[in-house]
Amino acid sequence: MNVRMGAAGQTECERRIPMRRKGATLAGVVVLGGAALIVSCAKPYHEETERYVFVSTNINLPYWREAEAGFLDAAKMMGVKAELIGPATYDPDAEVGMFRKVVEQQPAGICVSAARPEVFQAEINKAVLQGIPVICVDADVPNSQRALYIGTDNVKAGRESLKRMAALVSGRGSIVVITIPGQHNMDDRVAGVADALKNFPALKLTKILDDKGDARNAFDQVSELIQKKEKVDGIICLEATGGSGAADALHRFSMEGKLAVVAFDNDPGTLDWIERGAITATITQKPYVMSYYGLKFLDDLHHNAVHQFKDWRTALATPLPTFVDTGTVVVDKNNLKVYREALTAHPAQ
């Protein structure tokens, strides 16, 4: 076989190999460069001005700080703007006024926890008619055109509260409920309590107290019951602040552990009172989870990402599930330490 030698003793074959490699490298650069050009020219999925808003009330509660963390975490992951707004106290009228202003700003989508469903129904419908997707989180407005409700199955949660109380008082006695009448999620919890009472004929619901979402009101009303020596064997609190208010009243009269209290949600004060023995258990929700997925669902609607229909705005039904139950966790002294350790510490926004 004849082998031709060249400079520095290289064969012709050896000289060709580097040239092939250079050609392959050049081709790779061209392909990668073309791909980068295509990507740079492609329209981004999320626009720079894309903004989502969560409207609620009493937003200074730790519950809503947790919900805000979930909303903002989802926004950060998707690269969109987001904020949670609302009055600092329980004020349905102020909340609906803020909702109207948000609609005027034409955001990409709105999550809302409606303090009063009757005042929100028309406002939600107006927003949807303008092409703004609306999702109810935590508190529903079921007769509106909202796309879906994501949150706790509140009837089920009310049943669980009564079931826990029945076990604590051996299925008999008189109980008091602390709630906010007229707020849809609270009314569902009361309905759950009433439904579960059918299984305990010796257990009676004697009073429903309205604390208006303020622990001080719960404290005052429970203190009055104690001072009047009214027969009460247990207190069920169906909103976040009632538990700590009731526990504080028991502490004032040195009655910790003498009157069963089943609270709601995981406010730090509520968890502290469980540790101290004034609250027996609490039914905790998942506000972070609700708002996190609430934003993701809004984003899917805004971008028509679910292709059941051409456009959610003209479809006869929402392409999303109509109800997502985020579930609850019952916390008492037995699992309090584990629950606290499992919680994520969210920085103040």
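A salt bridge here is a side-chain nitrogen of Lys or Arg within 4 Å of a carboxyl oxygen of Asp or Glu. Lys212 and Asp210 meet that description, with their side chains 3.5 Å apart, N to O. The model is predicted. It holds 17 salt bridges, a largest nonpolar core of 47 residues, and a second largest pocket of about 210 Å³.

**Salt bridges**

- Asp210, the acidic partner of Lys212, counts as partly exposed because its relative accessibility is 25%, and partly exposed lies between the limits of 20% and 50%.
- Arg159 and Asp195 pair through their side chains at 2.8 Å, N to O.
- This pair links distant parts of the chain, since Arg159 sits in helix H5 (residues 154–168) and Asp195 in helix H6 (residues 184–197), 36 residues apart.
- Both ends of the H5 to H6 link are partly exposed: Arg159 has a relative accessible area of 36%, and Asp195 has a relative accessibility of 28%.
- Lys231 forms a salt bridge with Asp233, and the closest N and O atoms are 2.9 Å apart.
- Lys231 is exposed, at 57% relative accessibility, whereas Asp233 is partly exposed, at 25%.
- Elsewhere, Arg100, Glu123 and Lys126 are joined into one network by salt bridges that share partners.

**Nonpolar cores**

- Within the largest nonpolar core, of 47 residues, Phe99, Ile124 and Ile135 have the most contacts.
- Helix H2 (residues 62–78) supplies the largest share of this core, with seven residues.
- Another core lies apart from the largest one and has 26 residues, among them Phe219, Leu259, Ile274 and Val331.
- Leaving out residues up to four places away in sequence, Ile124 touches Phe99, Val112, Val134, Cys136, Val141, Ser144, Gln145 and Arg146.
- Phe99 is thus a contact of Ile124 and is also listed with it for the most contacts inside the largest core.

**Second largest pocket**

- The volume of the second largest pocket is about 210 Å³.
- This pocket is lined by 13 residues, and Val128, Gln145, Trp312, Arg313 and Ala315 are the closest to its centre.
- Sorted by class, the lining has nine nonpolar, two polar and two charged residues.
- Gln145 appears in two of these topics: it is among the residues closest to the pocket centre, and Ile124 touches it.

Definitions and conventions:
Residues numbered from 1 in each chain as written. Predicted model: local features only at pLDDT ≥ 70, side-chain atom pairs only at ≥ 80, totals over all residues. Heavy atoms only, no water. 1 Å grid on protein atoms, 1.4 Å probe; cavity = no way out; pocket = protein on both sides within 12 Å on 5 of 7 lines; lining within 4 Å. Points joined across faces, edges and corners; volume = space filled by probe spheres on them. Nonpolar A, V, L, I, M, F, W, Y, C, P; charged D, E, K, R; others polar. Helix = DSSP H or I, 4+ residues; strand = E, 2+ residues; numbered from the N terminus. Buried < 20%, exposed > 50% of the residue type's maximum accessible area, 1.4 Å probe, protein only. Core = buried A, V, L, I, M, F, W, Y, C linked by side-chain atoms within 4.5 Å. Contact = heavy atoms within 4.5 Å.
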